[in-house]
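The following report concerns a predicted model of a complex. It treats strand pairing, the interface and the nonpolar core in turn.

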Amino acid sequence: MEKTEKAMSNPATVIGAQTHIKGNLEGDEDLMVVGRVDGNINLSKTLTVDPDGVVVADIQVQRAIISGTVVGNISASDVVHITEQGRVVGDLSAPRVVLVEGASFRGNIDMGDMEAPARPASIAAPRRTRTPARPARQAEPEATKQAAPPKPAPPPRKVVRQAAAATARPAPARAAEDSLDKRAEAAARAVAKSTPRPSESKKSKSKKKAPKPPTTAGKRTRARRK
Amino acid sequence: MANTIIGSSIVIDGEISGEEDLVIQGTVKGKIVLKENLIVEGSGVVEADIETANVTISGQVTGNILASERVELKADGRMIGDVKSPRILIADGATFKGNVDMDV
């Protein structure tokens with residue numbers, strides 16, 4: 001909200017309530033739309049759409065603060081903020097997207113690479129490399145077969161993923177030249193071990209979530225399943 | 001209160017229409033249709049046909065102007081194009097090339 005007020009207090013360019021622009025608009029300064037713009041907007045600063053403003057355009061800006069109506073895709077290098085009066089139909093692409101209660105939105109949101117830049121990869125890297133995680137996942141189909149019978153379909157999946165992670169973590173310590181078969185066996189064994197003891201798998205799950213790169217690994221695992 | 005301001009780093013390529021004052025400090029190419037005052041400031045560049053009531057030019061305008069009341073070209077103003085308006089003022093120092101038609 002701070003940002004909203006700041007941007008609204010001193011915009012360099014204002015499209016007034018009775019003004020209608022059709023076409024391309026680009027620039028390097030803040031822009032406030034109280035009237036209407038149809039076309040494209042390309043700014044290196046902040047776009048503010050007033051509650052009375054209407055923008056039907058593809059928008060590329062640094063920051064977009066939407067209190068009015070926008071139909072079109074918004075791509076922001078910093079943040080897209082839809083306030084409680086804002087109504088947006090279109091896709092959002094920005095590292096930060098803020099949708100407050102009351103805001104109305106329909107479309108996709110792409111916040112880009114989910115790896116947070118604040119956490120350096122080096123923290124997690126020495127503990128677990130990505131390489132061992134891959135063979136463990138390859139072993140999943142077989143592991144699922146062995147682990148599945150006692151339970152309905154969804155829970156074993158979860159367990160398998162946790163087990164795979166559990167296997168993967170100590171893997172670097174083992175000989176790197178472990179064959180895929182051996183790892184598959186290990187994964188299966190880990191599944192068998194972890195299935196009757198949920199407390200252990202929970203623990204391994206929480207551990208898995210702590211460092212950042214595993215998120216990527218988990219994402220990829222999910223992607224493989226689709 | 002000037003309701004609409006096009007700031008100095010803004011470039012608009014298209015059509016602006018409205019019923020309120022418009023101040024241009026940036027660049028507008030295309031067409032401007034208003035019912036009130038258009039002010040092109042010193043940093044403003046307009047390459048457009050203009051239709052409005054009053055036009056005040058301190059910047060640069062290329063295009064034809066049809067004004068129902070008045071066109072004023074200030075000392076810093078530069079204008080290339082035809083002007084049709086009942087009152088036309090061209091200040092000392094202004095640059096102008098085109099036709100003037102005051103018989104509206």
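## Strand pairing and interface

In this predicted model, β4(A) and β6(A) run parallel and are joined by 7 bridges. Within this pairing, Asn40(A) has Asp58(A) of β6(A) as its bridge partner. On β4(A), which covers residues 36-43 of chain A, there is also a parallel pairing with β2(A), residues 19-27, built from 8 bridges. Here Gly23(A) faces Gly39(A) of β4(A).

From β6(A), residues 54-66, the pairing continues to β8(A), residues 74-82, in the parallel sense and over 7 bridges. Gln60(A) is matched with Ser75(A) in β8(A) as its bridge partner. Strand β8(A) in turn pairs with two further segments of chain A. One is β10(A), residues 92-93, which runs parallel to β8(A) and is joined to it by 2 bridges; Ile74(A) lies opposite Leu92(A) of β10(A). The other is β11(A), residues 96-99, likewise parallel to β8(A), with 4 bridges; the partner of His81(A) in β11(A) is Val98(A).

The table collects the pairings, including the one that crosses between the chains.

| Strands | Sense | Bridges | Example pair |
|---|---|---|---|
| β2(A) and β4(A) | parallel | 8 bridges | Gly23(A) and Gly39(A) |
| β4(A) and β6(A) | parallel | 7 bridges | Asn40(A) and Asp58(A) |
| β6(A) and β8(A) | parallel | 7 bridges | Gln60(A) and Ser75(A) |
| β8(A) and β10(A) | parallel | 2 bridges | Ile74(A) and Leu92(A) |
| β8(A) and β11(A) | parallel | 4 bridges | His81(A) and Val98(A) |
| β2(A) and β2(B) | antiparallel | 8 bridges | Glu26(A) and Val11(B) |

### Contact between the chains

Strand β2(A), which pairs with β4(A), is also joined to β2(B), by 8 bridges in the antiparallel sense. In this pairing Glu26(A) stands opposite Val11(B). The contact as a whole involves 21 residues of chain A and 20 residues of chain B. On the chain B side, the elements that contribute two or more residues are β1(B), residues 4-6, and β2(B), residues 11-18. The largest share, 8 residues, belongs to β2(B). Sorted by class, the chain B side comprises 7 nonpolar, 9 polar and 4 charged residues.

### Chain A and its nonpolar core

Chain A has 226 residues, of which 38% are buried, and its secondary structure consists of 7 helices and 13 strands. Among contacts in chain A with a separation of 6 or more, 30% link residues 24 or more positions apart.

Which residues have the most contacts inside the largest nonpolar core? They are Ile41(A) and Ala64(A), in a core of 54 residues. Strand β6(A) supplies the largest share of this core, 7 residues. Beyond its neighbours within four places in sequence, Ala64(A) is in contact with Leu47(A), Ile59(A), Ile74(A), Ala76(A), Val80(A) and His81(A). Two of these contact residues reappear in the pairings of β8(A): Ile74(A) stands opposite Leu92(A), and His81(A) is bridged to Val98(A).

### Confidence of the prediction

For the complex, the predictor reports an ipTM of 0.74 and a pTM of 0.56. The average pLDDT of chain B is 92, and 97% of its residues score at least 70. Where pLDDT is low, predicted coordinates should not be read in detail.

Methods: Residues numbered from 1 in each chain as written. Chains lettered and ligands numbered in written order. Predicted model: local features only at pLDDT ≥ 70, side-chain atom pairs only at ≥ 80, totals over all residues. Pairing = 2+ DSSP bridges. pLDDT = per-residue confidence, 0-100. Contact = placed C-beta atoms within 7 Å. Nonpolar A, V, L, I, M, F, W, Y, C, P; charged D, E, K, R; others polar. Buried ≥ 20, exposed ≤ 12 C-beta atoms within 10 Å, placed from the backbone. Core = buried A, V, L, I, M, F, W, Y, C linked by C-beta atoms within 7 Å.
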